[in-house]
Amino acid sequence: MANEKIIMNEDQLDEITGGTILPYRVKAGDSLADVAKKYNVTVDQLMKWNNIEEGGVLTVGQLLKVKF
């Protein structure tokens with residue numbers, strides 16, 4: 001289950017035009033930079049897609065939207 005990827009339908013995610021959207025569940029030790037690097041996106045993009053303000057903190061188990 002650790003590597004399980006869940007595809008959500010459009011009703012479950014805010015509208016982000018274009019690309020494929022996958023949810024990412026935050027794990028202990030994760031940072032926005034780690035997640036951004038893993039999916040080849042920028043930290044600013046992750047923050048925008050997930051309504052995270054500058055200085056925002058991730059919590060273990062938090063669900064992030066990642067578009068690629």
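**P23.** I started with P23 in this predicted model and looked up its accessibility. P23 has a relative accessible area of 13%, so I noted it as buried, the cut-off being under 20%. P23 sits in strand β1, which runs over residues 21-25. Then I checked P23 against V66: they lie 43 residues apart in sequence, yet their C-alpha atoms are 6.0 Å apart in space.

**Whole chain.** Next I stepped back to the fold. I found 2 helices and 2 strands in the protein chain, and along the sequence they come in the order β-α-α-β. I looked up how far apart in sequence the contacting residues are. Among contacts with a separation of 6 or more, 58% join residues that are 24 or more positions apart. The chain has 68 residues, and 31% of them count as buried. On the outside, I get about 5000 Å² of exposed area, with 49% of it supplied by carbon and sulfur atoms.

**The core.** Which residues touch the most other members of the largest nonpolar core? I got L32, V35, L46 and L64, out of 14 residues in that core. I then asked which elements feed it: α1 (32-39), α2 (43-49) and β2 (63-67) each give at least two residues. The largest share is from α1, with 4 residues.

**L64.** I picked L64 from that group and listed its contacts, leaving out neighbours within four places in sequence. The list is L22, P23, Y24, V26, L32, V35, N50, I52 and L58. I was pleased to meet P23 again here, and L32 and V35 are on the list as well.

**N50.** N50 was also among the contacts of L64, and I followed it up. It is placed in the loop between α2 and β2. Is N50 buried or exposed? With a relative accessible area of 14%, N50 is buried. Not counting residues up to four places away in sequence, N50 touches L63, L64 and K65.

**K65.** That took me to K65, which belongs to strand β2. I wanted to know how a lysine fares here, and the relative accessibility is 11%, so K65 counts as buried. What does the side chain of K65 reach? I found the backbone oxygen of W49, at 3.3 Å.

**Looking back.** My trail today went from P23 in β1 to L64 in the core, then by way of N50 in its loop to K65 in β2. For my own reference, P23 is buried at 13%, N50 is buried at 14% and K65 is buried at 11%.

How values were computed
Residues are numbered from 1 along each chain as its sequence is written. This is a predicted model: local features need pLDDT of at least 70, side-chain atom pairs count only at pLDDT 80 or more; totals for chains, interfaces and linings use all residues. Side-chain values use heavy atoms; hydrogens and water are left out. A nonpolar core is a set of buried Ala, Val, Leu, Ile, Met, Phe, Trp, Tyr and Cys residues joined through side-chain atoms within 4.5 Å. Buried means under 20% relative accessible area, exposed over 50%, partly exposed in between (1.4 Å probe, protein chains only). Contact means heavy atoms within 4.5 Å. A polar contact is a pair of N or O atoms within 3.5 Å; within protein, one must be able to donate a hydrogen and the other to accept it, and residues adjacent in sequence count only if both atoms are side-chain atoms. Accessible areas come from the Shrake-Rupley method with a 1.4 Å probe; for residues, only the protein chains shown count as cover.
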